[in-house]
Amino acid sequence: MAQPDSKKIFFENLSGAGKAIAVLTSGGDAQGMNAAVRAVVRMGLYVGAKVYFIHEGYQGMVDGGDNIKEASWESVSSMLQVGGTVIGSARCKEFRTHEGRLKAANNLVQYGITNLCVIGGDGSLTGANLFREEWSGLLAELVEQGLIETDAIQKYSALHIVGMVGSIDNDFCGTDMTIGTDSALHRIIEVVDAIMTTAQSHQRTFVLEVMGRHCGYLALVSALACGADWVLIPEMPPEDGWEDKMCQKLSANRAGMKRLNIIIVAEGAIDRNNMPITTDYIKNLVVKCLGFDTRVTILGHVQRGGTPSAFDRILASRMGVEAVLALLETTANTPACVVSLCGNQSVRLPLMECVQMTQEVQKAMDEKRFEEAVKLRGRSFENNLKTYKLLAHRKPESELPTSNFNVAVLNVGAPAAGMNAAVRSAVRVGISEGHKMFAVSDGFEGFYKGQIKEIKWADVGGWTGQGGSLLGTKRTLPAKHVDKIAEQMRKHNINALLIVGGFEAFESLLQLYEARATYEEFCIPMCMLPATISNNVPGTDLSIGADTALNAIVETCDRIKQSASGTKRRVFIIETMGGYCGYLASVGGLAAGADAAYIYEEPFDIKDLQANVEHLTEKMKTSIQRGLVLRNENCNENYTTDFIYQLYSEEGKGVFDSRKNVLGHMQQGGAPSPFDRNFGTKISAKAMQWVTKKLVETFRQGRVFANTEDSCCLLGMRRRALVFQPVVQLKDETDFVHRIPKEQWWLKLRPLMKILAKYKTSYDVSDSGQLEHVVRNRPKESDASVAM
């Protein structure tokens, strides 16, 4: 791959020589903090800075001594997959006092540290900002007390601070996802999935309490991800008389042949009078009113524990590198900032603007301005709440609009986890919009054979957590059977089409668009949702199913690496799926801490392979015990997995031995991750609303007629926005021979993986975050709330 044509290449423009950076974790721990610490240390060392650990958070900064230690490259090895924080975290009362901060300032000056990277929640970051504001005054006091030299005031004149939000609650305004949230959702969904099987066996109701004292994000998103019957969150307390409504809903669900009920409660759930709603209160209510066998499960600190998910490792690694860049670019006048992700893009936001908005949410809740509290949480939170209400609560038939439109939904291509969540969402939103929904079995093969039947609200109950494709899916393209498909569309009077699938779905939509010239049956609104583990569909940064596949890769890599612990030095060569698309190998490599990832998009030769072997040999001699090399299945027809394995085995003789693994279809199976469930649910709901709008716009003289480019679209995520793009316009962006987009955003993450694996490489910072202001509620067009 050619070097990026960048505004600035990192090595030439930014240097950390002579700078000292300290990293600390503070407040409650969160999975992924270690990945952030690792990225800060390695990026800091890469740019020539000295990097220090501050153990035990602010307590360690106040106490000094052995709590402040210089970090080396090796000191962060093997910590990527570890939950919690290995450098410790403690709540520190002393740092809240002026005397405590004076001690902390003295300890930092002794090491020449003027750059702080703080990983924690809003309390930790507020404390850091106060410390920064007092810095010059603290130094003056230290000079007066004779603890530091006078020239230290000039030498260490400014303290620079960059924050990363580590909090499982996702309660920090201005950022789509905080480090640890996705992993906490994994823990919750694992428990809910397990509880559902026992609840079904005994026809029980389960009341689950999840963390979130002041924020209902975990409760809301887990309810959306498992299709819970009822959810209670602090930002939007239920209306008075909610008890009767909830019991009616539970009773109606049981009457509809559902054998279980799930109620999810945030630990901070309140009613309209700001009085707490407890799990015991709900249990007693259900038993008294309905007589259902009811159990309470409080998840507690399980949600904080365990290994970080692939999403959290990637988020934390990207944020750690971004934090170092922000520290290098900061000046005395730059405000303390938080690095974050907005949609799929790095952003930097003024720390205190975020903190103030976070505090405003709590104030709005205290003053019973609940609608405002939801809005202040951001577009993502608001969207989640709207989508949950839309899918969980069915309106009575009398309240439904009558559109008389028939909408068909089908899966095309290989199965991907999250497809069923998308279909469930489409069916329920479609019914809520007044449409009659039809399910097509086995893709276009089933379509031309007439395997089409109406699908009702209750038919898709419990689909969210199911892997694979319950509708059935085939790779068959429609071109050869267009006449029979048109006939079936006439027969069932199909007015719109929603296709959920991968590259075959994209090709199918193009073929149907071209068939409009011959068959008027295809002159209807048609929309496609990208769902493929390969993430190789043009027009979108992410596809449904890719996150689940990444988690499967990362979990397997963790186990494989652990299998060699305590033995001699070993390198594992692992083959991933993806066709010609290197997304799984590259991003999986970043999340698993790989030393190299071979992909088709970045051509390599024998010299590159030799250089990688030599690099690993050098590392094995000095520090690491285990190496990890990922190879995309189609990266090179000659340099096969066997070839690379034999090369590494031969060249590494006497230093390390090698093993190979082909991960195969385990990447395609399993229950969908929380991210894929919610991504599928939300983009499907958005697509159905677009379909409704197009149906109304194109209904003329008693029939639907849509033949414009913008009536045949793919809904994809582009940087920060969810965008409907005409498939015809995406043709030029596509390499049809290799079934990949011509430009792929994740290629910019590859240098990051190389830097973290100790390679000298150019790093393109043209795409790094720029300082922005917190927007109270982004306009709908720039809604990037797909990051859950």
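Start by selecting Asn170, which sits in the loop between strand S5 (160–165) and helix H7 (181–202). Bear in mind as you go that this is a predicted model.

**Stop 1: Asn170**

Is Asn170 buried or exposed? Buried: its relative accessibility is 7%, and the cut-off for that label is under 20%. Now show its side chain. A polar atom there lies 3.1 Å from the backbone oxygen of Asp176, and the side chain also reaches the backbone nitrogen of Thr178 at 3.1 Å. Bring up the neighbours too: leaving aside residues up to four places away in sequence, Asn170 touches Thr175, Asp176, Met177, Thr178, Thr181, Cys215 and Tyr217.

**Stop 2: the largest nonpolar core**

Next, select Met164 and Leu497. Of the 197 residues in the largest nonpolar core, these two touch the most other members. Add helix H11 (residues 310–329), the top contributor to this core with 13 residues. In soluble globular proteins, nonpolar side chains tend to be buried together.

Stay on Leu497 and show what surrounds it. Which residues does Leu497 touch, not counting those up to four places away in sequence? You should find Ala408, Leu410, Phe447, Leu512, Ile524, Pro525, Met526 and Cys527. Then pick out Leu116, Ala128, Val347 and Leu349: they are among the 41 residues of another core, which lies apart from the largest one.

**Stop 3: helix H17**

Select residues 482–491, helix H17, and colour Val482, Ile485, Ala486, Gln488 and Met489, which are buried. Turn the view to look down the axis of H17: the buried residues fall within an arc of 160°, so they line one face of the helix. What do they pack against? Show helix H16 (443–448) and strand S14 (452–454), and you have the partners of those buried residues. Before leaving, click on Asn493, which follows H17 and has a positive phi, near 50°.

**Stop 4: the whole chain**

Zoom out and switch to cartoon. The protein chain has 25 helices and 27 strands. Its radius of gyration is 27 Å, close to the 28 Å that the globule rule gives for 788 residues, so the chain is as compact as a globular protein of that length. Along the principal axes, its C-alpha atoms fill a box of roughly 90 × 70 × 45 Å.

Colour by burial and you'll see that buried residues make up 63% of the 788. Switch on the surface: the chain exposes about 29700 Å², with carbon and sulfur atoms supplying 48% of it. Finally, look at contacts between residues at least 6 apart in sequence: 79% of them join residues at least 24 apart.

Definitions and conventions:
Residues are numbered from 1 along each chain as its sequence is written. This is a predicted model: local features need pLDDT of at least 70, side-chain atom pairs count only at pLDDT 80 or more; totals for chains, interfaces and linings use all residues. Side-chain values use heavy atoms; hydrogens and water are left out. A nonpolar core is a set of buried Ala, Val, Leu, Ile, Met, Phe, Trp, Tyr and Cys residues joined through side-chain atoms within 4.5 Å. Buried means under 20% relative accessible area, exposed over 50%, partly exposed in between (1.4 Å probe, protein chains only). Helices (H or I, at least four residues) and strands (E, at least two) are DSSP runs, numbered from the N terminus. Contact means heavy atoms within 4.5 Å. The arc is that of the directions from the helix axis to the C-beta atoms. The radius of gyration is taken over C-alpha atoms; the globule rule is 2.2 Å times the number of residues to the power 0.38. Accessible areas come from the Shrake-Rupley method with a 1.4 Å probe; for residues, only the protein chains shown count as cover. A polar contact is a pair of N or O atoms within 3.5 Å; within protein, one must be able to donate a hydrogen and the other to accept it, and residues adjacent in sequence count only if both atoms are side-chain atoms.
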